[in-house]
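Reader: I'd like a close look at how the helices pack in one part of this protein, starting from whichever aromatic pair you think is a good way in. Talk me through it informally, with the numbers and the residue names left in.

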Amino acid sequence: MTDTKRPGGKLGLSMCVALVMGNMIGSGVFLLPASLAPFGWNAVAGWALTIGGALALAFVLARLTVTHPEASGPTGFVERAFGRIPSFMIGWAYWVSVWTANVTLAVASVSFLSIFFPMLHGHMAIATIALIWIVTAVNWRGARAAGRFQVATLAIKLVPLLTIVILIPLAFGRAEPVPVMPFPAEGLSAAAVGGSAILTLWALLGFESASVAADKVHNPTVTIPRATMIGTAATGILYLIVCSAIALMLPAADVAKSDAPFSLFVERYWAHEPALFIAAFAAISALGTLNGWTLIQAELPATLARQGLLPAWVARENRHGTPAAALLLSSVIATGCVILNNNKSTSEMFTFMAVLSTSVTLWLYLACAAAALRLRVAVPVALIGLSYALWTLWGAGLGVSALSLVLMAAGLPLYVWTRMAAPRSAPAGGE
């Protein structure tokens, strides 16, 4: 039996749910209502489609985990279905998207904190790098240390979401009427629903987190499916209620131009002072998400190394059971990314990384759904997930989708070098 009390012990159900929800609920949701405001009721339909598609894909990942527990996560499923090279390309691109997205999360967290500590404005790069390494230090202590941190930050980051949920019935209970946006007389627009669905998927990225960290999960065939479905459903329902309320109960023009739509809602239906604290919760939200993805940015390359897809030293662990080499390598690369992009604005970096991360992760979802069909696992649901992933990938745009393919191919020289350097130590597998 796994000793879950020792440092570096494995993650239980509550920590896995926190990992899934914590990685999904990041800084982006606090800005998303502004992007969705022009879509109105179409955004509500977009949320419904996205939640359905995400649940289908989450179910596929859960069933694959049960039927192929030895695969150690999504890249293992792809390898069993299509061979080593597709597995490497998907895993490589996903890893790159994780550490680059971590840069965005760190920048966003520092940006929110600068409201309370104005001196950070002149030292954004230094503060961002410092935050990356503080979270790296937390993860150095092992998966359970990161899991405890994730549970704590999830409890805090849920506060602004639950505040909106509580304010909705209170607003309708007041004597003053609530100006709800009317349902469009012409009905919903397929193009507008599709456009909003792409944005909403970005907010739901991360439901695969427990599967990616399978090697650090206690009783994974039971824990991962439960955590994946619970975390995805709970987050989706919260997002649907909160973002729809902000989009429909406030003037669309005000929400669209707002840098803090959550604060706008709280100020409108409560008071100005509580609205000021939303920025603090947003900073903690970004910090918690950064912690969860830092765990993934270490576990994913370590898994690829154990599969013989990356050099063996990448999987080396410290005494806490953390893949220390992968953790340090990822954080060093993230630090370099901050330095190289120091001249870009926060919004420019955030927007670019959001679109790119969505596109790259869609290839992972697409590959896992196709792997389930190939392996004859949850075939009807896998067909739904595959169709949804293809539809959303098409909607993301040709340019971004092409860039994500280039990103996948860019790692092939490293794969070839790894295979040439240690051909005998690599596990058997189809090419």
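Author: Let's start with Phe207 and Tyr365, which are both buried. Keep in mind that this is a predicted model. Nine aromatic pairs turn up in the count. The one between Phe207 and Tyr365 is stacked, with 4.6 Å from centre to centre and 20° between the planes. Those are the two quantities to quote, because a pair of aromatic rings is described by the distance of the centres and the angle of the planes. In sequence, Phe207 and Tyr365 are 158 residues apart, so to speak from distant parts of the chain: Phe207 sits in the loop between α8 (190-204) and α9 (209-212), and Tyr365 belongs to helix α16 (residues 346-374). Elsewhere, Phe88, Trp92, Trp95 and Tyr415 make up one aromatic cluster. Trp95 is also one of the contacts of Gln297, and I'll come back to that residue below.

Now for the helix packing, with α7 as our guide. Helix α7 covers residues 143-173, and helix α10 covers residues 220-249. Their axes are 10 Å apart, and the packing angle is about 55°. That angle is why the two helices count as oblique to each other. The crossing of α7 past α10 is left-handed.

Which residues bring α7 and α10 together? On the α7 side they are Leu158, Leu161, Leu162, Ile164, Val165, Ile168, Ala171 and Phe172. The α10 side supplies Leu238, Ile241, Val242, Ala245 and Met249. Sorted by class, this contact has 13 nonpolar residues, no polar ones and no charged ones. If you're scanning the residue numbers for a pattern, remember that an α-helix has 3.6 residues a turn, so residues three or four places apart point the same way.

Helix α7 has another partner in helix α12 (residues 261-269). Here the axes come within 10 Å and the crossing angle is roughly 35°. This crossing is left-handed too. From α7, the contact takes in Pro160, Leu161, Thr163, Ile164, Leu167, Ile168 and Ala171. From α12, the residues are Phe262, Phe265, Val266 and Tyr269. By class, the contact of α7 with α12 divides into ten nonpolar residues, one polar and no charged. Leu161, Ile164, Ile168 and Ala171 are worth picking out, since they meet α10 and also meet α12.

Thr163 deserves a stop of its own. This residue is in helix α7. Is Thr163 buried or exposed? Its relative accessible area is 18%, and the cut-off for buried is under 20%, so Thr163 counts as buried. Setting aside residues up to four places away in sequence, Thr163 touches Val266 and Trp270.

Seen from the α12 side, the buried residues are Pro261, Phe262, Ser263, Phe265, Val266 and Tyr269. What do these residues pack against? Their partners are α2, α7, α10, α11 (252-256), α13 (272-276) and α14. So to follow α12 outward, you'd go to α7 and α10, and those two also meet each other.

Helix α14, on that list of partners, spans residues 278-306 and holds Gln297. With a relative accessible area of 2%, Gln297 is buried. Once its neighbours within four places in sequence are left aside, the contacts of Gln297 are Trp95, Val98, Trp99, Asn102, Ala326, Leu327, Ser330 and Ser331. Trp95 ties this spot back to the aromatic cluster with Phe88, Trp92 and Tyr415.

Finally, a few loop positions. Pro38 is in the loop between α2 (32-36) and α3 (41-67), and at 63% relative accessibility Pro38 is exposed. Pro38 and Pro251 are 213 residues apart along the chain, with 10.0 Å between their C-alpha atoms. Over in the loop between α16 and α17 (379-396) you'll find Arg376, exposed at a relative accessible area of 73%. Its phi is near 60°, a positive value in a residue that isn't glycine. Ala378 is in the loop between α16 and α17 as well, and its phi, near 45°, is positive. Arg376 lies 10 Å from Thr67, C-alpha to C-alpha, with the two positions 309 residues apart in sequence terms. Thr67 lies in helix α3 and, at 36% relative accessibility, is partly exposed.

Conventions
Residues numbered from 1 in each chain as written. Predicted model: local features only at pLDDT ≥ 70, side-chain atom pairs only at ≥ 80, totals over all residues. Heavy atoms only, no water. Axes fitted to C-alpha atoms, helices over the stretch in contact; angles between N-to-C directions. Helix = DSSP H or I, 4+ residues; strand = E, 2+ residues; numbered from the N terminus. Parallel < 35°, antiparallel > 145°, perpendicular 65-115°, else oblique. Left-handed = near helix turned anticlockwise from the far one by under 90°. Contact = heavy atoms within 4.5 Å. Nonpolar A, V, L, I, M, F, W, Y, C, P; charged D, E, K, R; others polar. Phe/Tyr/Trp six-rings, centres within 6.5 Å; stacked < 30°, edge-to-face > 60°. Buried < 20%, exposed > 50% of the residue type's maximum accessible area, 1.4 Å probe, protein only.
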